[in-house]
Amino acid sequence: MTTITKAKNYLNYINGEWMESITQDVRVNENPANRKDIVGSIQLSSAEDTDKAVAAAQKAQKEWRRLSGAARGDYLFKIAHQMELRADEIAKTMTREMGKSLPESKGETMRGIAILRYYAGEGMRKMGDVIPSTDSEALMFTTRVPLGVVGVISPWNFPVAIPIWKMAPALVYGNTVVIKPALDGAITAAKVMECIDEAGLPAGVVNMVTGFGSEVGERIVNHPDVNGITFTGSNATGKRIGQAALARGAKYQLEMGGKNPVIIAADADLEAAVEGTISGGLRSTGQKCTATSRVFVQSEVYEAFKEKLLDKVKQIKIGNGIEEDTWMGPCANENQLNTVLSYIEKGKSEGASLIFGGRRYQDNGLEEGYFVEPTVFEDVTNDMIIAQQEIFGPVLALIKVDTIEEALSLANDVEFGLSASIYTKDIGTMLSFINEMEAGLVRINAETAGVELQAPFGGMKQSSSHSREQGQAAVEFFTSIKTVFVKP
Ligand code: NAD
């Protein structure tokens, strides 16, 4: 792999201009597949930089909300066009910055473009209802108004799609934006910001400030002029943000972790179930909020399923992401690698049997990266830490069950409720699963990961603040309803 010696310094984007942080402090982002490959540096900004961005967003608000939805949508079409021109560059940056394999990075970039186009069209769709008034001479209806300035705080695991699925609806419904991307995805986010700049959005409509959550993130959350905060990330951070937003009366939306189960029924198509379990659990190195981590298998097919699963897991090619035959890249950073390895140790010490993987991977010239082997445990009980806490790594826990009822009961016995799937041919089993599974996304004969962009997405229980993102559901968070009564 080429080592870049002269890396670019990426700047904040505030009020239509690229600027250094007033701290003059930067962070160097390394490629997690090869620490010697420097992707670039980003600004470690302060609360003062953040204040500048919020002021710019607030100033731009008045004109932006006055535009028609169609005119705002036109800007989203322009951003999509700019991104399409640079899709390969964006995808390669993503792979170098956070380790996702190149086909996955390309897929995510194309998805970001599709989301922009979807919301561009939203600018021309209906925004309210006519409600009959008891006064026969009056007209009563609802319309929707933007919140004002929206703060976007995003994680590193989908550095293009998540910022866009938050920013695109925010913008089309008339809000202006201040975004703080995660440090480990900030250069990729900066590339998206360059496309926004090239699309010619009015100054201040979108602003990006990079830096620590404890500095920039907290300032966004606590700033009195930020009217709404949309957050995706860990539960610990989300809860903090929710409490701070509630305390000052700001609207907030939190999408957080998952501990997603797949149930393999005795009548399942085992080939499909193995494919779905591996893809759902190990793609993106298990670093998806919707990743499969608990695998409940009915005892009749347990041994056959396990054998097929291990056959396929053994074939997984670990690589640096850019190489075409990479199936699984590295963990996104050293901290993430150490967390995954420590969960593997906890699994072993709690008595689960490690049947594949479990070690850091440093073969084939990958010694400078944060790679871990795809890992499979069996003899896992539902009360073990590896069955209860989000690992966010390529670790599958197999749990043998006698009945579907037992599988459902154990699958629900966890604090999270993001996504879940089942493999079965029986319609009755499908319906029980749909009715009883406590998750915001349930999928049948399909992996736990993935949602179509035009459908609502979000979790139940501790996975979410119970609002929904994406599709037309996004209008609920990014606008307020105004009820209008007109007596001529
Ligand atoms: P994280 O919570 O560490 O960080 C998320 C963002 O919050 C980052 O931008 C970070 O800088 C910022 N932040 C940190 N402390 C802050 C503070 N005190 N105030 C304000 N902002 C702060 O999460 P991560 O490690 O980047 O992402 C992984 C997590 O995200 C996993 O738990 C995963 O399940 C979750 N996730 C959820 C979804 C979903 O839609 N439910 C999607 C992707 C990822």
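What follows is a conversation between a student and a tutor about pockets, a helix and one residue.

Tutor: This is a predicted model, in which local features need pLDDT of at least 70 and side-chain atom pairs count only at pLDDT 80 or more, while totals for chains, interfaces and linings use all residues. Residues are numbered from 1 along each chain as its sequence is written, and side-chain values use heavy atoms, with hydrogens and water left out.

Student: What makes a set of grid points a pocket rather than a cavity?

Tutor: On a 1 Å grid over the protein atoms alone, a cavity is a set of points where a 1.4 Å probe fits but cannot get out, whereas a pocket is an open set with protein on both sides within 12 Å along at least five of seven lines. The largest pocket holds about 1,000 Å³ of space, a volume being the space filled by probe spheres set on the points, which are joined across faces, edges and corners.

Student: How do you know which residues line the largest pocket?

Tutor: Lining residues have an atom within 4 Å of a point, and for the largest pocket there are 40 of them, with W156, F231, G233, S234 and T237 nearest its centre.

Student: Why is the largest pocket said to lie between domain 1 and domain 2?

Tutor: Domain 1 (9–256 + 464–486) and domain 2 (260–452) both give residues to its lining, so the largest pocket lies between them; the domain bounds come from an automatic or database domain assignment.

Student: Where does the second largest pocket lie?

Tutor: The second largest pocket, with about 380 Å³ of space, also has a lining to which both domain 1 and domain 2 give residues, so it lies between them. Its lining has 21 residues, and helix 4 gives the most, with 5 residues.

Student: How do you know whether the span of helix 2 is close to or far from the expected one?

Tutor: Helices are DSSP runs (H or I, at least four residues) numbered from the N terminus, and the expected span is 1.5 Å times one less than the number of residues. Helix 2 (residues 69–85) has 17 residues, for which 24 Å is expected, and it reaches 25 Å from its first C-alpha to its last, so the span is close to the expected one.

Student: Why is Q243 called buried or exposed?

Tutor: Buried means under 20% relative accessible area, exposed over 50%, and partly exposed in between (1.4 Å probe, protein chains only). Q243, in helix 8, has a relative accessible area of 57%, and is therefore exposed. In helix 2, by contrast, the buried residues include L76 and I79.

Notes
Helix = DSSP H or I, 4+ residues; strand = E, 2+ residues; numbered from the N terminus.
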